[in-house]
Amino acid sequence: TNATTFAGAAGTSGSAAGPANAQARGPRLVQRGSSLTLASPPAAMQGVANQIVAATEHQGGVVQTSNVNIQGSSSAASFSLQVPSGHLHILISTLSALASVRALNQNTQDITDGYNREQARLADNVAEHAALLKKLATAATVAQQTSIQQQLAKLQSRIAAEHRVIDRLLTQGRTAALQVTVVPGAGKRAAVGPFATAFNRSLHALEEVLAIALVVLAIVLPFA
């Protein structure tokens, strides 16, 4: 588990809590979530869906769930995406260029204090665990040893649970969620977006190569 302490911890105890002014200058751990609704003609929706997947993977993200249903005017598509938080705005910009934007909602939640509280609890429990191990080494009776071992078992369970909570909070702060919905509607007049642009350029280059080949063929082969 990453033991980084983020700014703004409240209610931390012992050495885990730094000076308030130092915390104020530190980084924040922020959970980000967004939803984007796009409108696309049904005939183009499958292509838009393919580009959504490609753009997400290009930004280092993953498609957690997807549902694409092409049925004329009832066509629809939905995606649950996860992307590194620093790439969220790039992905939204890229996807917004694929079709008409109907709605965009962005939410943020600062989870720094919760993270730092869990780190402080973990530090306290780890210190208590170390102290109990020392007591166990000098326990004089079997009853004392049994009692200490039971306390150690409970502490180990709490420490494992705190590690899981901290890992989850770090994941929430470093990975942003994006829900994308594609509904039937008027699309953009021309294919746009980096992936469509690259495809159009490749197609144009192929047309030029074929044109040159036809000219060469006409020169080499005599007319009948």
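This is a selection-by-selection tour of a predicted model.

**Whole chain**

Start with the protein chain in cartoon view, coloured by secondary structure. The chain contains six helices and five strands. From the N terminus onward, they come in the pattern α-β-α-β-β-α-β-α-α-β-α. Switch to a surface view next: the accessible surface is about 13200 Å², and carbon and sulfur atoms account for 58% of it. Of the 224 residues in the chain, 29% are buried. Among contacts between residues at least 6 apart in sequence, 79% join residues at least 24 apart.

**The sheet**

Select the five strands and hide the rest. They form an open sheet with mixed pairing, in the order β2-β3-β5-β1-β4. At the edges are β2 (62-69) and β4, each of which pairs on one side only. On average, and ignoring direction, neighbouring strands are turned by 10 degrees against each other.

Now take the strand pairs one at a time. Begin with β2 and β3, which run antiparallel and are joined by seven bridges. Asparagine 69 stands opposite alanine 76 of β3. The hairpin made by β2 and β3 has six residues between the strands, and glycine 72 in this hairpin takes a positive phi near 60 degrees.

Move on to β3 and β5, an antiparallel pair joined by eight bridges. Select serine 80 here; its bridge partner in β5 is glutamine 179. Keep glutamine 179 selected and look towards β1, where it is the bridge partner of serine 35. The β1 and β5 strands run parallel, with eight bridges between them.

**Serine 34 and helix α3**

Select serine 34, which is found in strand β1. Is serine 34 buried or exposed? Its relative accessibility is 7%, so serine 34 counts as buried. Show the residues around it: beyond those up to four places away in sequence, serine 34 touches Leu88, Ile92, Asn105, Gln106, Ala177, Leu178 and Gln179.

Add α3 to the view. This helix lies across β1, β3, β4 and β5, and runs at about 5 degrees to β1.

**The nonpolar cores**

Hide the cartoon and show side chains. The largest nonpolar core has 21 residues; those touching the most other members are Ile52, Phe79, Leu81, Leu95, Leu178 and Val180. Which elements give two or more residues to this core? They are β1 (30-40), α2 (42-58), β3 (76-84), α3 (88-96) and β5 (175-184). The α2 helix gives the most, with five residues.

Centre the view on valine 180. Leaving aside neighbours within four places in sequence, valine 180 is in contact with Leu36, Leu38, Ile52, Ala77, Ser78, Phe79, Leu81 and Leu95. Then select Leu29, Tyr115, Leu122 and Leu169, which are among the eight residues of a second, separate core.

**The salt bridges**

How many salt bridges does the structure hold? There are two.

For one of them, select arginine 28 and aspartate 110, whose side chains meet with an N to O distance of 2.9 Å. Arginine 28 sits in the loop between α1 (20-25) and β1, while aspartate 110 belongs to strand β4 (residues 100-110), so this salt bridge ties together parts that are 82 residues apart in sequence. Both ends can be checked for exposure. Arginine 28 is partly exposed, at a relative accessible area of 38%. Aspartate 110 is also partly exposed, with a relative accessibility of 41%.

For the other, select glutamate 118 and arginine 121, where the closest N and O atoms are 2.7 Å apart. These residues are three apart in helix α4 (residues 112-137), so about one helical turn separates them. Glutamate 118 is buried, with a relative accessible area of 15%, whereas arginine 121 counts as partly exposed at 41% relative accessibility. The cut-off matters for this pair: buried means under 20% relative accessible area, and exposed means over 50%.

Key. Residues are numbered from 1 along each chain as its sequence is written. This is a predicted model: local features need pLDDT of at least 70, side-chain atom pairs count only at pLDDT 80 or more; totals for chains, interfaces and linings use all residues. Side-chain values use heavy atoms; hydrogens and water are left out. A nonpolar core is a set of buried Ala, Val, Leu, Ile, Met, Phe, Trp, Tyr and Cys residues joined through side-chain atoms within 4.5 Å. Buried means under 20% relative accessible area, exposed over 50%, partly exposed in between (1.4 Å probe, protein chains only). Helices (H or I, at least four residues) and strands (E, at least two) are DSSP runs, numbered from the N terminus. Contact means heavy atoms within 4.5 Å. A salt bridge is a side-chain nitrogen of Lys or Arg within 4 Å of a carboxyl oxygen of Asp or Glu. Accessible areas come from the Shrake-Rupley method with a 1.4 Å probe; for residues, only the protein chains shown count as cover. Two strands pair if DSSP finds at least two bridges between them. Axes are lines fitted to C-alpha atoms, for helices over the stretch in contact, and angles run from 0 to 180 degrees between N-to-C directions.
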